[in-house]
Amino acid sequence: MIKNISREKLFLAFISLLFTFFVWQQGLKDSLNRPSVSFDISQKEKEIAELALPSLPSNFKKYVSANDPVQEINNFLSSIPFDELTERNKLIWIISSDLPDFEIKNNSSYEFKNKNYKLLFDDLERNSNNKSYKPNYDQFDFFKDDRFLYHLLSKKFDFDASALITKSLSQRMFVKILAIRLIPLFTILLGSILVLKTLWTSISLKKIVWKEFKPLDLDLIDMVLLIAGGFVVLGEVVSPLFSIGLVDLFSKDLSIELLQALKIFFGYLFMAIPPLLIVYYQIKSLNGEFFFKKDYFQFNGLPIKDAIIQGFKGWLMIIPFVLLISLIMNILIENQTGSNPLLEIVLNNNNYFSFILLFLTTTLLAPLFEEIIFRGILLPILSRDFGIILGISISAFIFALAHLSISEMPPLLVLGIGLGITRIASGSLLSSVIMHSLWNGLTFFNLFLLRT
């Protein structure tokens, strides 16, 4: 539905599209140079398996790890160029390998910026030259927060680590590995049952039942201005200049982890402001005023129980499809790149306050903002103009594209389709917000479990 449009509006839409093309093209290109977090996740699972071994029933060990977890980690790290490893992984590889003396001495890659890692490397080098060398074990106290690395050191230098690597720790790691392995299986099973039940109902009725949706009286040019102009140009390009500067100005003495979390949290807040302001003025231009109590985006949150149930069901039903696409991608593309950098930050974060900020960002801010834009505004308008199936497909494609990761686009496309179906089938935007929040929450919880 395109009305009479001013030349100024068309010009702004064209410029916004042009900027968006270059921003997204560069973002997708950059994603090819980002490492995949799947490598870190696989390594963390093996670290937990190693720490859990003392508590594993003998007949259960083969299901957790068919081979020695430390040797599997070593083989994995050996497949990566040494200078591309993190400093921690360099140490893990050195500790778990039998390196000849000359290899350590003559390789310039063995350099560490972290002073504690450097001291530890010096001890490892001395031990390589003289097997009877025993370091001062008190200096290993720095590594007590890293249970796996401390465990490796105790095996390497044969000192007593039982005060830290306890039976209780082993039992906790056993519970973690159970949760990491069983939660996905449980959700896949439940989701598959719900999918089959829903398909049977649809076949019996010989139709798909969609709830009524009420799109805003906006046209496709308005959507270009909202997505390209507000979300991309102002939200992703201009807003970070303010949010990053603001955080740097007031947080000079904070830890790196907390600084990262604050930049992500405020970055998301600032990114949301321009497109939401554009929506505000678009609605105000239509009606002459904007009522905050009016349900412009069809949240339809009452009764709240129904929205929660619909969101929960949608979340369970989409899990098998997203995981299937991810599995196919892993089979087709051996070394995937371009994971969301936020995943690595969460996985390696040890500051609890920053954890809370990241949790709020991923499970509250991101689902609420993205659902308002993609399923609250864009999807109903596209469904009105092109039909529900195309509307869901196009909005899901734009949603996946906006995350700027080539390798993650197929799973995100499937997730976007699931969110769109839940939004239209339930008639409630709140349902898709809850579904989105649950999806991000499950990902966050899995990353939290993987910490050692």
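The expected span of a helix is taken as 1.5 Å times one less than its number of residues. With that in hand, helix 9 of this predicted model is a good place to start. Helix 9 covers residues 167–205, 39 residues in total, so at 1.5 Å a residue it should span 57 Å. Its end C-alpha atoms turn out to be 56 Å apart, which agrees with that figure.

Helix 9 still has a bend, of about 30 degrees, at Leu182. A proline, Pro184, comes within four residues after that point. Plenty of helix 9 is tucked away from the surface: its buried residues are Leu169, Ser170, Met173, Phe174, Lys176, Ile177, Ala179, Ile180, Thr187, Gly191, Leu194 and Val195. Just past the end of helix 9 sits Lys206, with a positive phi near 60 degrees.

Stepping back to the whole protein chain, there are 17 helices and zero strands. The C-alpha trace spans about 85 × 55 × 40 Å along its principal axes. Of the 452 residues, 46% count as buried.

Helix 9 also turns up in the lining of a pocket. The pocket in question is the second largest, and it holds about 1,500 Å³ of space. It is lined by 35 residues, and those closest to its centre are Arg88, Glu257, Asn348, Asn349 and Asn350. Besides helix 9, the elements that give two or more residues to this lining are helix 2 (37–52), helix 5 (87–95), helix 11 (256–287) and helix 13 (341–347). Sorted by class, the lining has eleven nonpolar, eleven polar and 13 charged residues.

Then there are the aromatic rings. A pair of them is described by the distance of the centres and the angle of the planes. Searching the whole structure gives 23 aromatic pairs. One of them joins Phe21 and Phe22, edge-to-face, at 5.3 Å centre to centre and with 75 degrees between the planes. Phe21 has a relative accessible area of 51%, and since the cut-off for exposed is over 50%, Phe21 counts as exposed.

Another pair, Phe140 and Phe159, is tilted, with 5.6 Å centre to centre and 35 degrees between the planes. This pair links distant parts of the chain, 19 residues apart. Phe140 lies in the loop between helix 7 (115–129) and helix 8 (147–157), while Phe159 lies in the loop between helix 8 and helix 9. Both of these phenylalanines, Phe140 and Phe159, are buried. Elsewhere, ring pairs tie Phe231, Tyr268, Phe369, Phe374 and Phe399 together into a cluster.

Note on methods. Residues are numbered from 1 along each chain as its sequence is written. This is a predicted model: local features need pLDDT of at least 70, side-chain atom pairs count only at pLDDT 80 or more; totals for chains, interfaces and linings use all residues. Side-chain values use heavy atoms; hydrogens and water are left out. The bend at a residue is the angle between axes fitted to the seven residues ending there and the seven starting there. Buried means under 20% relative accessible area, exposed over 50%, partly exposed in between (1.4 Å probe, protein chains only). On a 1 Å grid over the protein atoms alone, a cavity is a set of points where a 1.4 Å probe fits but cannot get out, and a pocket is an open set with protein on both sides within 12 Å along at least five of seven lines; lining residues have an atom within 4 Å of a point. Grid points are joined across faces, edges and corners, and a volume is the space filled by probe spheres set on the points. Ala, Val, Leu, Ile, Met, Phe, Trp, Tyr, Cys and Pro count as nonpolar, Asp, Glu, Lys and Arg as charged, and the others, Gly among them, as polar. Rings of Phe, Tyr and Trp (its six-membered ring) pair if their centres lie within 6.5 Å; planes under 30 degrees apart count as stacked, over 60 as edge-to-face and the rest as tilted.
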